[in-house]
Amino acid sequence: SLQAIVANHLLGKLEHLTESRIRNAKLFDELLDGIDAVTIPHRPTDTRQVFHLYVIQSERRDQLVEFLIANGVDAKIHYPTPMHLQPAAKEFGYKHGDFPVCEKICSSVLSLPVHEFITEKEIFQVSEKIREFHASH
């Protein structure tokens with residue numbers, strides 16, 4: 001199938017893809033560290049973690065996403081609804097407020113591009129836009 005052809009092609013690039021994503025995530029870690037209004041992903045030092053998504057938290061997430069998109073950044077909100085409030089979990093009877101930590105996280109997370117095609121310069125620009133937003137709001 002077509003998917004198998006694509007997967008087979010990507011297997012030869014797997015180490016490059018993996019190292020690029022790790023390097024990009026570490027650069028975001030360094031550049032976003034110290035912005036009080038932003039929480040970067042926790043990463044154990046003894047683990048080699050490859051990021052499919054680089055997810056940060058911001059209390060003004062919706063405004064930040066709008067600002068980033070308006071400035072050409074491919075920021076996204078991937079998981080806005082907690083699992084217990086998903087239609088598939090309706091039968092369990094959970095309601096808003098049952099899992100406040102989960103709900104708070106879902107209302108504050110956004111994804112930044114960390115893929116292998118983003119350049120170091122673009123990561124610096126994205127990070128600068130996040131700093132700019134938090135300095136002016």
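Leaving out neighbours within four places in sequence, Leu68 touches Val73, Ala75, Leu110, Leu112, Val126, Lys129 and Ile130. The model is a predicted one, and this residue is a convenient way into its interior.

Leu68 is among the residues with the most contacts inside the largest nonpolar core, which has 24 residues. The others named for their contacts there are Leu32, Tyr54, Ile56, Leu110, Leu112 and Ile130. At least two residues of this core come from each of helix H2 (14-32), strand S2 (54-58), H3, strand S3 (109-112) and H5. H2 gives the largest share, five residues. In soluble globular proteins, nonpolar side chains tend to be buried together.

The aromatic rings give a second view of the structure. Ring centres within 6.5 Å count as a pair, and by this rule there are five aromatic pairs. In one of them, Phe51 and Tyr54, the ring centres are 5.5 Å apart and the planes meet at 50°, so the pair is classed as tilted. Phe51 and Tyr54 are both buried. Together with Phe28, they form one aromatic cluster. Tyr54 also appears among the core residues with the most contacts.

Phe67 and Phe133 make up another tilted pair, with 5.5 Å from centre to centre and 45° between the planes. Which parts of the chain does this pair link? Phe67 lies in helix H3 (residues 61-70) and Phe133 in helix H5 (residues 120-136), so the pair joins distant parts of the chain, 66 residues apart. Both Phe67 and Phe133 are buried. H3 and H5, the helices that hold these two rings, are also among the elements that each supply at least two residues of the largest nonpolar core.

Key:
Residues are numbered from 1 along each chain as its sequence is written. This is a predicted model: local features need pLDDT of at least 70, side-chain atom pairs count only at pLDDT 80 or more; totals for chains, interfaces and linings use all residues. Side-chain values use heavy atoms; hydrogens and water are left out. Rings of Phe, Tyr and Trp (its six-membered ring) pair if their centres lie within 6.5 Å; planes under 30 degrees apart count as stacked, over 60 as edge-to-face and the rest as tilted. Buried means under 20% relative accessible area, exposed over 50%, partly exposed in between (1.4 Å probe, protein chains only). Helices (H or I, at least four residues) and strands (E, at least two) are DSSP runs, numbered from the N terminus. A nonpolar core is a set of buried Ala, Val, Leu, Ile, Met, Phe, Trp, Tyr and Cys residues joined through side-chain atoms within 4.5 Å. Contact means heavy atoms within 4.5 Å.
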